Amino acid sequence: MTRNWFPIKTTPWTLGLPLLTFLLLLQTTSAPERLDFWLYDTLITATPAEPADDVVVIAIDELSMDRLGRWPWPRTTHAQLIEKLHQAGAKTIVFDILFPEPSPADQAMANAMQKHGNVILPLHLSPPSRHYLISEQLPAPALASAAATLGHAHVELDEDGLARGLYLFNGLGDQLWPSLALAASDTPSPGPEISSVPPYTNVRQHYRAIPMAGGAGTLPSHSYTKVLDGQFAKDAFKGQTVFVGATAPGFGDILPTPFSGLNQPMSGVEFHANSYSALVKDELISRVSKPIAIGLAVFIIALLSFTLPRMRPARSILLCLTSLGLLALLHALLLVGAKLWLPISHAIVIPLLALPVSSALRLAMTNSFLNRQLDELARGPTMTLEEPSLRHPPQLLSHFQALLQPEGWLLAEGDDVMTSSGLAADDIPPLDTPGQWHHIDGQSWVSLIRNGVTYKIGLKLPNDLSREAIQRYLRRLPLSSTQEPVRKTGPRENISARIERVRVATERMSQMQRFIRRSFERMPDGIIVTDELGVIRFANGHIEEWFREPMPSLSGLPLARLLEGHDPRDNPPWHETVSETLTLAQSRTVDLRIRDMDFLIHFAPFSLPDSDQNGIIANISDISELREQQRQHREAIDFISHDVRSPLVSQLALIEQLKRNRGHIEPEQLDQLGRLAKRSYHLAEEFVQLARAEQLTETRFYECEFLAIVENARDSVSEQAAEKGIQLLLQGTEDLWLKGNAELLERAVINLLTNAVQYSPSGSIVNIQVFQAGHQACLTVSDEGEGIAPEEIPYLFDRYQRQKSSELSGNHGTGLGLSFVNVVVEKHRGEITLRSRPGEGSAFTLKLPIAHPLG
């Protein structure tokens with residue numbers, strides 16, 4: 001029992017490499033970011049920031065909307081507000097209201113702004129419409145010239161949908177605008193970095209997280225209409241920085257924050273006011289770069305890899321817990337004291353993984369030692385098979401028929417023939433020795449004694465080259481036994497230490513057998529173990545699932561009969577393959593197809609050590625996915641070589657033409673180039689979206705509301721529908737909660753609505769119905785288009801499948817849109833159906849399981 005016996009050792013390399021592998025795998029998931037967000041939110045919400053003394057919010061609330069009427073209000077109203085605030089001594093007025101369109105009352109508002117002298121207006125970066133590039137949406141010229149400065153109103157949403165910070169500078173090209181909070185403050189801040197980028201590129205710099213004072217309504221607030229009426233204290237706005245914006249529900253932008261979550265979001269004006277409060281108090285939080293966080297995790301890996309192998313298990317636990325505590329303390333100190341947000345999720349996971357990995361290595365060392373001791377104390381077969389001598393004669397005959405396929409057979413009990421074919425009682429020769437085969441002119445006979453009764457079995461073998469091998473095989477079969485079964489006795493009361501050690505070794509061997517059996521169950525392949533007659537004695541769960549045979553019926557079933565029942569074949573027949581594997585002791589590999597699934601079955605003969613027993617191990621591998629991947633690979637190559645290359649080649653040709661005639665570039669040529677580029681982009685986007693859908697797993701599912709998903713999809717397609725004068729009518733008011741991926745579901749609904757709009761005539765109606773049917777959330781999208789030909793419907797959801805009618809009419813698609821929808825629905829365990837008639841339109845129906853069905 002020396003350490004040199006151990007083939008596995010706990011060393012810095014054997015511990016560090018698995019931890020480094022786990023770290024690399026974490027980079028492919030969103031779990032670290034979600035853990036960082038949770039740690040940040042927990043600490044920030046536990047210690048809310050104190051608001052600045054000079055910040056106040058004027059809210060366009062429900063009361064203001066009721067008294068002043070529908071939006072937009074006349075800009076003379078805003079001018080009156082500015083005058084009121086000017087008279088009240090407000091230092092700075094910041095509007096979180098966009099004024100992009102000119103108005104006849106702009107001059108009145110501009111005069112009021114100039115009179116005050118420190119009014120800040122917002123700008124927004126967005127494309128005017130889907131066909132244009134992103135541009136600056138500035139206030140009306142008269143208002144922009146009267147403003148003290150302009151600031152961008154963009155707030156950054158993190159991957160989990162919460163707003164935790166913003167970029168201090170945002171703009172196009174080298175024209176960067178400060179945020180509203182930065183524009184309103186006099187606090188020194190890092191200036192924008194000059195970068196040489198195209199003027200249409202969106203540039204964002206200096207991200208800062210905002211430590212907020214609390215949820216919505218925490219900052220001092222006054223109603224817009226009450227301020228107009230003068231209903232405020234005399235010194236309420238004196239020397240204050242006033243933020244004016246919408247807080248009424250359903251009006252203005254709303255932002256979920258760590259304080260509110262997704263249920264009670266905060267208005268955009270309050271978020272900017274919180275940003276100003278944190279800025280003037282120098283409490284903005286900078287995020288540490290990801291490489292530094294990864295470097296910290298690598299340092300923790302190195303530290304634990306060199307220390308844990310030298311420590312006892314109890315001290316290992318203490319070291320891992322101490323590492324966790326120090327990392328959490330470092331995160332809190334940097335966030336609260338230095339205003340630095342250090343993502344420590346990667347580093348904090350390492351101690352949690354190091355302990356089980358090091359324990360697993362130690363257990364592996366112990367297991368290796370025990371295995372060596374077990375081999376020395378007790379050697380023998382790890383599996384036992386049922387002796388043929390214990391089987392009933394009718395069962396033996398059935399096994400012989402399945403394995404050897406004799407031309408004739410006979411089974412007699414005493415002098416009475418029980419069953420026969422091709423042989424008669426007169427053919428039975430004298431059989432003096434029970435269990436010994438007699439071979440006469442191609443006939444093989446044996447007598448057996450079971451419970452005092454004599455049975456006779458006869459086989460008429462085929463007259464070919466295999467007869468001699470089969471007869472030799474039959475001679476080796478032990479069909480009779482004179483030994484009495486050994487009865488197990490319980491342990492004696494007084495037992496020596498040596499016998500006790502043997503008993504322990506035997507128990508460990510039994511545990512090893514159970515371990516091997518469980519391992520067979522967890523193997524990715526199907527495993528079948530037969531005895532020397534080709535009868536199944538063991539099969540793992542894959543066999544039960546693939547063949548749809550219950551485990552009790554599999555045990556004792558001839559392997560050849562199982563295969564013939566699910567994949568019958570004549571050349572070569574299954575019984576010949578199984579028989580040759582046993583009689584010739586040669587491996588075989590054969591294709592197998594079960595219910596449109598492709599398999600590869602490998603027959604390998606085996607013999608148990610220190611025993612005359614032998615049999616077959618059949619390994620069945622599911623290669624359906626491989627075959628499907630091969631097919632998809634070929635389709636993808638065809639798709640890329642034709643669909644993707646075609647617009648690219650056209651673009652290159654058009655570019656070369658423009659180069660030759662640089663002085664005569666026609667707008668039509670640029671439009672054509674843009675259409676080709678857009679088609680290339682759409683092709684790539686559809687391809688990428690389909691790949692994302694195929695890789696979707698339930699680990700990326702979460703609670704989402706189906707009606708909201710459909711509404712978002714409708715809004716995304718509304719502009720495209722408006723261009724054709726098509727109405728999108730949504731029917732449904734009930735909230736239906738699903739467990740799924742809202743992003744891919746929304747994309748799937750967008751694809752259905754886009755198809756409906758694309759293939760519908762101008763001025764028609766696309767009906768969208770969201771309803772519940774039983775435990776399913778249902779969506780029906782119906783249009784008034786030309787419909788789909790019946791012969792095309794079975795292939796409509798296949799990859800790269802396009803309708804002939806749409807291609808002939810000029811509506812060229814990628815052939816991936818409906819395939820994407822089908823994949824997303826299948827990943828959510830739902831179903832999609834289609835009802836369509838030529839000339840009457842089409843109706844697609846999605847059915848998805850509800851997260852928590854009642855009843």
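1. Before the helix pair, one term: a crossing counts as right-handed if the near helix is turned clockwise from the far one by less than a right angle, and as left-handed if it is turned anticlockwise. With that in hand, the crossing of α22 and α23 is right-handed. Keep in mind throughout that this is a predicted model.

2. Staying with that pair: two packed helices are described by the angle between their axes and the distance between the axes. Here helix α22 covers residues 706–723 and helix α23 covers residues 742–758. Their axes come within 8 Å and cross at roughly 35 degrees. On the α22 side the contact is made by I709, V710, N712, A713, R714, S716, V717, Q720 and A721. Facing them in α23 are A742, L745, E746, V749, I750, L753, T754 and V757. By character, the residues of this contact split into 11 nonpolar, four polar and two charged. If you want the general background for reading such lists, an α-helix has 3.6 residues a turn, so residues three or four places apart point the same way.

3. Next, α19, which runs over residues 574–583. How many of its 10 residues are buried? Seven of them are, so the helix is mostly covered. The buried ones are W574, H575, T577, V578, S579, T581 and L582. What do they pack against? Three helices are on the list, namely α13 (393–404), α14 (466–476) and α18 (559–566), along with the strands β23 (588–594), β24 (597–607) and β25 (614–622).

4. Both flanks of α19 deserve a look in the backbone geometry. Ahead of the helix, N571 and P572 are joined by a cis peptide bond, with omega about -15 degrees. P572 belongs to the loop between α18 and α19. On the other side, α19 is followed by A585, which has a positive phi near 55 degrees. For context, most residues other than glycine have a negative phi, and most peptide bonds are trans.

5. W574 also turns up among the aromatics. The structure holds 11 aromatic pairs. In one of them, the ring centres of W574 and F603 are 6.3 Å apart and the ring planes stand at 55 degrees, so this pair is classed as tilted. The two partners come from distant parts of the chain, W574 in helix α19 and F603 in strand β24, 29 residues apart. Are these two residues buried or exposed? Both W574 and F603 are buried.

6. There is an aromatic cluster to inspect as well, formed by F37, Y40 and W341. Two of its members carry an arginine over the ring. R164 places its charged end over F37, 4.1 Å from the ring centre. R287 lies over the face of W341, at 4.4 Å from the ring centre.

7. Back to cis bonds. Another one runs from W71 to P72, where omega is near 5 degrees. P72 is located in the loop between α3 (62–68) and α4 (75–87).

8. Two loop residues are worth checking on a Ramachandran plot. Q405 is not a glycine, yet its phi is positive, about 50 degrees. Q405 sits in the loop between α13 and β16 (408–413), and its relative accessible area of 35% makes it partly exposed. D441 likewise has a positive phi of about 50 degrees without being a glycine. The loop holding D441 is the one between β18 and β19 (443–450). With a relative accessible area of 75%, D441 is exposed, because the cut-off for that label is over 50%.

9. Finally, two single residues in other settings. S358 lies in helix α12 (residues 345–377), and at 0% relative accessibility it counts as buried. Setting aside neighbours within four places in sequence, S358 is in contact with L15 and L308. Q436 is in the loop between β17 (416–421) and β18 (438–440). Its relative accessible area is 41%, so Q436 is partly exposed. Beyond neighbours within four places in sequence, Q436 is in contact with W445 and V446. As for L448, its C-alpha atom is separated from that of Q436 by 8.7 Å, with the two residues 12 apart along the chain.

Key: Residues numbered from 1 in each chain as written. Predicted model: local features only at pLDDT ≥ 70, side-chain atom pairs only at ≥ 80, totals over all residues. Heavy atoms only, no water. Buried < 20%, exposed > 50% of the residue type's maximum accessible area, 1.4 Å probe, protein only. Helix = DSSP H or I, 4+ residues; strand = E, 2+ residues; numbered from the N terminus. Contact = heavy atoms within 4.5 Å. Axes fitted to C-alpha atoms, helices over the stretch in contact; angles between N-to-C directions. Nonpolar A, V, L, I, M, F, W, Y, C, P; charged D, E, K, R; others polar. Phe/Tyr/Trp six-rings, centres within 6.5 Å; stacked < 30°, edge-to-face > 60°. Lys NZ or Arg CZ within 6 Å of the ring centre and 35° of its normal.
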